[in-house]
Amino acid sequence: MSRPTLEVQIQEIEYAAEDFLEHLDILNLRKAILNILTTVDESPTKGAVSTISDETLKDLKKKAVSSKKPISSFIDPLIFNRDVVWSTVREIAEYLVRHHPQGESLQRLLEALEGKLFDAGEAVRAILYEDAEWFKCLGDSYGVEPSMLLFLFEAPLQPFFEDLARRVEEELKDTWWEPFCPVCGRTSLVARIRQRKRYMTCKFCGAEHLVDLFLCVNCGNKEPYSLGFLTFEEHPEYELNFCEKCNHYIKVIHEERLKRKIPRGLEDLLTRDLDILAEGPELSFKRA
Ligand SMILES: [Zn+2]
Ligand SMILES: [Zn+2]
């Protein structure tokens with residue numbers, strides 16, 4: 001199941017804040033970012049210059065299925081409205097400079113954004129084609145973590161991709177079978193299990209897609225004897241799946257055993273304790 005509208009996601013953060021008091025700060029940050037994205041989400045084209053028609057989308061889906069490449073790799077970066085991308089990135093950066101513990105590092109970048117010292121189109125291209133090198137170079141120039149830059153520049157595109165995920169997920173959810181997201185191409189860190197099926201849930205666009213229980217989404221390993229499952233007596237709703245070949249892990253949520261609801265889009269945030277355990281000295285796994 002893909003994500004609901006931003007309005008509903010914001011409401012759900014408010015409910016989750018009551019259940020997960022220990023994650024209040026991060027939930028508030030998430031809510032603030034979603035509030036900034038509301039303007040993009042409410043525009044009929046979701047930040048693009050035009051909407052993708054059902055006909056075009058059908059074609060994109062076909063290309064994705066036959067080539068086993070995500071839909072995002074067939075989208076022209078020029079479809080995004082650069083002014084919208086630019087103003088949204090600026091608004092989020094301004095918010096982070098004021099409120100995020102590492103926000104100060106963004107001050108120089110914010111000045112560059114205000115002076116339009118680099119091209120918004122390039123940033124969109126780097127997001128669509130997953131050009132990690134571009135973010136690394138930009139990060140080096142401005143002294144900002146590449147992961148922070150990625151977060152900043154992909155945010156304005158999120159409403160567009162969430163919408164795309166809602167439109168195509170039903171058809172691709174149970175038939176895609178690749179380790180990465182069929183819509184945006186990202187490898188997810190979290191899966192949801194229901195009726196013994198393991199669905200990866202994309203952190204970016206929210207699309208779900210079924211993967212084999214014996215598959216490492218990081219390296220593609222399919223050998224059952226080198227794939228491990230770690231369960232917790234006190235928390236049967238959670239599990240870690242890890243791969244002995246590449247040492248990466250994903251977090252798994254058993255939907256039918258959940259005591260506190262985990263809304264769509266908050267899977268990674270609300271299971272942060274599992275990362276601390278998985279990456280701690282005893283296990284020393286890496287995030288997929
Ligand atoms: Zn995705
Ligand atoms: Zn692996």
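Here are some questions and answers about this predicted model.

User: Which residues hold the zinc ion (ligand 1)?
Analyst: The donors follow the spacing C-x2-C-x17-C-x2-C along the chain. Each one coordinates through its SG atom, at 2.3 Å. Cys181 and Cys184 are both buried. The residues you want are Cys181, Cys184, Cys202 and Cys205.

User: What is the arrangement of the donor atoms around the zinc ion (ligand 1)?
Analyst: There are 4 donor atoms, and they subtend angles of 95 to 125°. Four donors count as tetrahedral if all angles lie between 85 and 135 degrees. Because of those angles, the arrangement is tetrahedral.

User: How are the donor residues of the zinc ion (ligand 2) spaced in sequence?
Analyst: For this ion the protein donors are Cys216, Cys219, Cys243 and Cys246, each through SG, lying 2.3 to 2.4 Å away. The angles among the 4 donor atoms run from 103 to 115°, and the site is tetrahedral. Reading along the sequence, the spacing is C-x2-C-x23-C-x2-C.

User: How far apart in sequence are the parts that Cys216 and Cys246 tie together?
Analyst: Cys216 and Cys246 are both donors of the zinc ion (ligand 2). Cys216 sits in the loop between β3 (208-211) and β4, while Cys246 sits in the loop between β5 (238-243) and β6 (248-254), so the pair ties together parts of the chain separated by 30 residues.

User: Are Cys216 and Cys246 buried or exposed?
Analyst: The cut-off to use here is under 20% relative accessible area for buried and over 50% for exposed. By that yardstick, both Cys216 and Cys246 come out buried.

User: What is the area of the nonpolar surface patch that includes Phe229?
Analyst: Phe229 belongs to strand β4 (residues 227-231). With a relative accessible area of 35%, Phe229 is partly exposed. Together with Leu213 and Phe214, Phe229 makes a nonpolar patch of about 240 Å².

User: Is Val144 buried or exposed?
Analyst: Val144 is in the loop between α7 (132-142) and α8 (146-154). If you skip neighbours within four places in sequence, Val144 contacts Ser105, Leu106, Leu109, Gly139 and Leu149. Its relative accessibility is 4%, so Val144 counts as buried.

User: How far apart in space are Val144 and Val124?
Analyst: In sequence, Val144 and Val124 are 20 residues apart. Going C-alpha to C-alpha, the distance in space is 18 Å.

User: Which residues is Ser2 in contact with, leaving aside its neighbours within four places in sequence?
Analyst: Ser2 lies in the segment before α1 (6-19). Its relative accessible area is 17%, so Ser2 is buried. Its contacts outside that sequence window are Ala165, Arg166, Glu169, Gly206 and Arg264.

User: Which strands do Glu208 and Arg194 lie in?
Analyst: These two form a salt bridge, with the closest N and O atoms 2.5 Å apart. The pair ties together parts of the chain that are 14 residues apart in sequence, because Glu208 lies in strand β3 and Arg194 in strand β1 (residues 190-194).

User: Are Glu208 and Arg194 buried or exposed?
Analyst: Buried calls for under 20% relative accessible area. Both partners, Glu208 and Arg194, are buried.

User: How many residues apart are Asp268 and Lys203?
Analyst: Asp268 forms a salt bridge with Lys203, with 3.2 Å between the closest N and O atoms. The pair links distant parts of the chain: Asp268 is in the loop between β6 and α10 (272-279), and Lys203 is in the loop between β2 (197-201) and β3, a separation of 65 residues.

User: What is the relative accessible area of Lys203?
Analyst: Its salt-bridge partner is Asp268. Asp268 counts as buried, at 11% relative accessibility. Lys203 is exposed, with a relative accessible area of 52%.

User: Is Glu237 buried or exposed?
Analyst: Glu237 meets Lys259 in a salt bridge, 3.6 Å from N to O. The pair links distant parts of the chain, 22 residues apart, with Lys259 in the loop between β6 and α10 and Glu237 in the loop between β4 and β5. Lys259 counts as exposed at 59% relative accessibility. Glu237 has a relative accessible area of 6%, so Glu237 is buried.

User: Which residues are joined into one network by salt bridges that share partners?
Analyst: The model has a count of 26 salt bridges. One of them pairs Glu208 with Arg194. Bridges that share partners join up into one network, made of Arg192, Arg194, Glu208, Glu255, Arg264 and Glu267.

Definitions and conventions
Residues numbered from 1 in each chain as written. Chains lettered and ligands numbered in written order. Predicted model: local features only at pLDDT ≥ 70, side-chain atom pairs only at ≥ 80, totals over all residues. Heavy atoms only, no water. Donors = N, O, S within 2.8 Å, 3.2 Å for Na, K, Ca; no water. Tetrahedral: all angles 85-135°; square planar, octahedral: opposite > 155°, others 65-115°. Buried < 20%, exposed > 50% of the residue type's maximum accessible area, 1.4 Å probe, protein only. Patch = residues over 30% accessible without salt bridge, like charges linked within 9 Å, V, L, I, M, F, W, Y side chains within 5 Å. Areas by Shrake-Rupley, 256 points an atom, 1.4 Å probe, with all protein chains shown as cover. Salt bridge = Lys/Arg side-chain N within 4 Å of Asp/Glu carboxyl O. Helix = DSSP H or I, 4+ residues; strand = E, 2+ residues; numbered from the N terminus. Contact = heavy atoms within 4.5 Å.
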